[in-house]
Amino acid sequence: MQYRTLGKTGLRVSVLGFGCGTVGGLLIRADPRTRVRAVARAVEAGINYFDTASMYGDGQSEEHLGQVLRELKPAVYVGTKVRLRPEEFGDIRGAVQRSVEASLQRLGMEQVDVIQLHNHIVPRRTPGPETAAALTTAEVLEEVVTAFRQLQADSKVRFYGITGLGDTTAVQEVMASTLFHTVQVCYNLLNPSAGHPVPAGFPSQNYQLLIDQATAHGMGSIGIRLLAAGALSGEETRHPIAVPSVAPIGSGPAYRTDVERARALAFLVQNGYASSLVEAGLRFAWNKGNLSTALVGCSSLEHLEQAITAEARGALPDGALQQLNSIWAQFTAA
Ligand SMILES: NC(=O)c1ccc[n+]([C@@H]2O[C@H](COP(=O)([O-])OP(=O)(O)OC[C@H]3O[C@@H](n4cnc5c(N)ncnc54)[C@H](OP(=O)(O)O)[C@@H]3O)[C@@H](O)[C@H]2O)c1
């Protein structure tokens, strides 16, 4: 397992991180024995970063992760998140404090390594549902950061970060403040814009090289949705324990569109760059040398094993990247 530094936190994190989210749901819906086996195998392979959130499985992800970590006692880092509900926006500091206290209780821990804001970030909330659940840059820079600092002073969190979703310019503004230690970045073969320039008219949100901006601001970057929630398997059918349907983040308008676009990437396997599209999707993350860690969501122990094998194979060869540029241009033309 390779390790990289998570920005100014100084933590050395495995380049493959364990996503305890709801999409694959291994830590939420698998039976207790499988959950223990999954974490034990991850730790054995050298994975030392586990990403959870208060909202994953309505607290179950944190609860289950805490149970397993108490049983195995591995030396790993845990990051969790706080997602504020619109009715809490009147008391952001209090709501952050309460959410983190509840997370620590579910995890059975006195401190987490990283707390991250889960809400999207926008310049301002506009009438209508689109931005109703998002926080504004001002709220993040004034309220959220103050709450996170207090939690750090109280030794409940070591470091704090944001999720780089919402309005890219607003996210950039928060990053440029250099107040946060980490950012979660959506990055995959269907939308590489957080790490590669994309042609004008690219049919997905342009994340404008957020990974490089994170590096410039000394922030650690945590890749999410490496497999576009599973669309990069090229199959629409979901694993029995996965969420039955999932909305894309930053890629196509629908999961089906993502699966169709993923088929255009079949050359990665046909030309021998990788043994499967999933392997290619994961290895693509490691071509980005300044992405601190890449999370994968798994529905089974086999998925985890395949991710571990992909990490051992390392980044994709340069030839694959060159061909990818012309595929991304085709996405634009389509
Ligand atoms: N901050 C945020 O807002 C945010 C948002 C999203 C994710 N995250 C974090 O990032 C982590 C990863 O994201 P994610 O789980 O949403 O998406 P993901 O990692 O892109 O996709 C996970 C899905 O990929 C498929 N998969 C994984 N390994 C596979 C394999 N070997 N073969 C075939 N299919 C495979 C599975 O689909 P099937 O189950 O259908 O087989 C699995 O459910 C999450 O767990 C979470 O920790 C954070």
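This is a short tour of a predicted model, stop by stop, with something to select at each one.

Two bits of housekeeping. Residue numbers start from 1 along each chain as its sequence is written. Because the model is predicted, local features need pLDDT of at least 70 and side-chain atom pairs count only at pLDDT 80 or more, while totals for chains, interfaces and linings use all residues.

**Stop one: the barrel**

Switch to cartoon and pick out β3-β4-β5-β6-β9-β10-β11-β12: these eight strands make a closed barrel with parallel pairing. From one strand to the next, the twist averages 30°. Element names follow DSSP runs numbered from the N terminus, with helices being H or I of at least four residues and strands being E of at least two. Strands count as paired if DSSP finds at least two bridges between them.

For a close-up, select residues 77-82 (β5) and 112-117 (β6), which pair in the parallel sense over four bridges. Which residue of β6 stands opposite Thr80? Show Ile115 and you have the partner.

Now add residues 92-107. That's α4, lying across β5, β6 and β9 (157-163) and running at about 140° to β5. Angles here go from 0 to 180 degrees between N-to-C directions, and axes are lines fitted to C-alpha atoms, for helices over the stretch in contact.

**Stop two: α4 and α5**

Keep α4 on screen and select residues 137-153, helix α5; the two axes come within 9 Å and cross at roughly 40°. α4 and α5 are therefore oblique to each other (under 35 degrees is roughly parallel, over 145 roughly antiparallel, 65 to 115 roughly perpendicular, and the rest oblique). The crossing of α4 past α5 is right-handed, meaning the near helix is turned clockwise from the far one by less than a right angle (anticlockwise would be left-handed).

To see the contact, show Ile92, Arg93, Val96, Gln97 and Val100 of α4 with Glu139, Glu143, Val144, Thr146, Ala147 and Leu151 of α5. Contact means C-beta atoms, placed from the backbone, within 7 Å. Colour by class and you get six nonpolar, two polar and three charged residues. The nonpolar set is Ala, Val, Leu, Ile, Met, Phe, Trp, Tyr, Cys and Pro; Asp, Glu, Lys and Arg are charged; the others, Gly among them, are polar.

**Stop three: α2 and α3**

Select residues 32-45 (α2) and 60-72 (α3): their axes come within 10 Å and cross at roughly 60°, in a right-handed crossing. Sticks to show are Arg35, Val36, Val39, Ala40 and Val43 in α2, which meet His64, Val68, Glu71 and Leu72 in α3. The class count for this contact is six nonpolar, one polar and two charged.

**Stop four: α10 and α11**

Next come residues 277-287, helix α10, whose axis comes within 9 Å of that of α11 and crosses at roughly 55°. That makes α10 oblique to α11. Val278, Glu279, Leu282 and Arg283 in α10 meet Gln306, Ala307, Ala310 and Arg313 in α11. This contact has four nonpolar, one polar and three charged residues.

**Last stop: the ligand**

Leave α11 visible and centre on the ligand. How many residues surround the ligand? There are 30, the closest being Gly19, Gly21, Gly230, Ala242 and Gly297; the test is a C-beta atom, placed from the backbone, within 6 Å. Two or more shell residues come from each of β12 (293-297) and α11 (301-313), with β12 giving the most, three. By class, the shell has 14 nonpolar, 13 polar and three charged residues.

Technical notes. Contact = placed C-beta atoms within 7 Å.
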